[in-house]
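Visitor: Can you walk me through this one? Keep it quick.
Guide: Sure, here is the structure.

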Amino acid sequence: MDINSARLIYFSPTQTTRKIIETIAHGLLFAEIEHVDLTRPGTTVQKQAELHDGLAIIGAPVYGGRLPVEAVSRLRRLKGNGTPAVIVVVYGNRAFEDALLELRDLVLEAGFRPVAAGAFIGEHSYSTDATPIAAGRPDAEDMRTANEFGRMIRERMKNTRSLDGMSPLQVPGNSPYKEWAGLSGVSSVVQEALCARCERCASVCPTAAITVQDAVTTDEAVCIKCCACVKTCSVGARSMEDPRIRQAAERLSENFRERKEPEMYV
Ligand SMILES: Cc1cc2nc3c(=O)[nH]c(=O)nc-3n(C[C@H](O)[C@H](O)[C@H](O)COP(=O)(O)O)c2cc1C
């Protein structure tokens, strides 16, 4: 198949998913790469009719062994029109459980043709200096693997005459998917004395939970605990202080030290 362009479609609050699928796209050596960033609320997906021209690389992080609810609702708006798709989940060195299967099912339902899949590792959203969890991932080795994965997909697509002859992509996971509700009544907090009112936290929040006026307010009911605001704050004014999250981070830091490696399915 002659494919020359890639469309990167992703939900990536702390940017690790974006980094990985960008690197996969570089390995494909396509001249044209377009981004459809679904992380911010209200992103509209344009030029849907043209999606059949190239390869879609669709990525999302793992939350509780599943896809984030917001990623699911935003990805559901896409129309694949038979476009071949590489699907990628990124997780914080604990486990990806049913997330890759959920993503495969979702893109199939949207009309894409999944041709390859990967589960990569990214620094855990709750990693801190005191409780490091996959700190610094993806690192140079992960990036090499992602790039090589892109090359492998390119070769495979070159040698594929038609998607119709391809066997359906198998990925690990169970259906019905595991249940995961997340924590309610929790959000990151701001130290008003440090806050510079730069509004970067509000600008990166995937659910528009933060309002910066005289005071900075965060809507706990809307916050998805992704830590985009914590990681983007240049003065360290935002943090996740809830004891349940801090204890979870301690457990993860203690129990998941052993480095996991990316897994790829073609
Ligand atoms: C609410 C929440 C739940 C998470 N659940 C998992 C999980 O089940 N397994 C895991 O290994 N990592 C988990 N993580 C870590 C993320 O998958 C990881 O940090 C990922 O790299 C974030 O992707 P992003 O940088 O594209 O936002 C979770 C993170 C958050 C915020």
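Visitor: Which backbone nitrogen lies 2.9 Å from a polar atom of the Asp242 side chain?
Guide: That of Arg244. A polar contact here is a pair of N or O atoms within 3.5 Å; within protein, one must be able to donate a hydrogen and the other to accept it, and residues adjacent in sequence count only if both atoms are side-chain atoms.

Visitor: What am I looking at, source-wise?
Guide: A predicted model: local features need pLDDT of at least 70, side-chain atom pairs count only at pLDDT 80 or more, and totals for chains, interfaces and linings use all residues. Residues are numbered from 1 along each chain as its sequence is written, and side-chain values use heavy atoms, with hydrogens and water left out.

Visitor: Is Asp242 buried or exposed?
Guide: Buried, at 17% relative accessible area. Buried means under 20% (1.4 Å probe, protein chains only).

Visitor: Now the ligand. Which oxygen distances should I note for Thr14?
Guide: A polar side-chain atom of Thr14 is 2.5 Å from a ligand oxygen.

Visitor: And backbone atoms?
Guide: Val62 has a polar backbone atom 2.7 Å from a ligand oxygen. For Gln15 the backbone distance is 3.2 Å. The protein covers 96% of the 640 Å² of accessible area that the ligand has on its own (Shrake-Rupley method, 1.4 Å probe).

Visitor: Switching to Cys195. What does it touch beyond four places in sequence?
Guide: Cys195 is in contact (heavy atoms within 4.5 Å) with Val190, Val216 and Ala237. Cys195 is buried too, with a relative accessible area of 18%.

Definitions and conventions
Buried means under 20% relative accessible area, exposed over 50%, partly exposed in between (1.4 Å probe, protein chains only).
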